[in-house]
Amino acid sequence: LVEIGPGQASHQHTGRMISLPNSVFLTQAVINETYTDQFVLHTFTIPISSSDPWETAERLVLESANEECTPYLEMARTHFDQMVGRHSLEAVQVEPRVSIRKVEPGRIDLIVRIPSPARRKGRVEQAIIRRFLRAMSKEAPAPKDGEASV
């Protein structure tokens, strides 16, 4: 197996190979991230401060996700519709979505789920985050006299 990492957040090849003994397949869960070679439903989290305008952040993340995913949304929809029919699964909504979770005082997580080409999910995630951060910086109010800008 080819290692991807570091951790689950980067989606980059590390250049290392992993060897697993057969016993691992019988005693541990093994995740096949490329079960479908074409498209996956990829989920990632964007944490924000609970003092940030979460409605604005949610809207901007969703807009960013829709803009990045539009070029292949129909192909992804067709792919998942075929999987539903082939494997007798429940219908899947592939449109980007954002869920909100309050995980601890002072922090809100925006949980983003997008369709993505299977081998480009890290790049698509980064493009959405960058687009979102640019949009948030434009939405941020100008600092008042005597306040430092962030």
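**Exercise 1. Find how S4 and S5 pair, and describe the turn between these strands.**

Step 1. S4 and S5 are antiparallel, joined by seven bridges. Strands here are DSSP runs of E with at least two residues, helices are runs of H or I with at least four, and both are numbered from the N terminus. Two strands count as paired if DSSP finds at least two bridges between them.

Step 2. Arg97 has Arg113 in S5 as its bridge partner.

Step 3. Two residues lie between the strands in the hairpin of S4 and S5, and Gly106 there takes a positive phi near 90 degrees.

The model is predicted: local features need pLDDT of at least 70, side-chain atom pairs count only at pLDDT 80 or more, and totals for chains, interfaces and linings use all residues. Residues are numbered from 1 along each chain as its sequence is written, and side-chain values use heavy atoms, with hydrogens and water left out.

**Exercise 2. Work out the strand order of the sheet and name its edges.**

Step 1. S3 and strand S5 (residues 107–117) run antiparallel and are joined by eleven bridges. Thr43 stands opposite Arg113 in S5.

Step 2. The order S3-S5-S4 describes an open sheet of three strands with antiparallel pairing. Strand S3 (39–49) and strand S4 (97–104) are the edge strands, each pairing on one side only.

Step 3. From one strand to the next, the twist averages 25 degrees. Angles run from 0 to 180 degrees between N-to-C directions, and axes are lines fitted to C-alpha atoms, for helices over the stretch in contact.

**Exercise 3. Identify the helices that pack on the sheet.**

Step 1. Helix H2 (residues 54–69) packs on the sheet and touches S3, S4 and S5; its direction makes about 10 degrees with that of S5. Contact means heavy atoms within 4.5 Å.

Step 2. Helix H4 (residues 121–139) also packs on the sheet, touching S3 and S5, and its direction makes about 35 degrees with that of S3.

**Exercise 4. Place the sheet in the whole chain and state where confidence is lowest.**

Step 1. The chain has four helices and five strands, in the order β-β-α-β-α-α-β-β-α from the N terminus on.

Step 2. Of its 150 residues, 31% count as buried, where buried means under 20% relative accessible area, exposed over 50%, and partly exposed in between (1.4 Å probe, protein chains only).

Step 3. Mean pLDDT, the predictor's confidence in each residue from 0 to 100, is 83 for the chain, and 75% of the residues reach 70 or more. Confidence is highest in H2, at 97, and lowest in strand S2 (residues 12–17), at a mean of 61. Where pLDDT is low, the predicted coordinates should not be read in detail.
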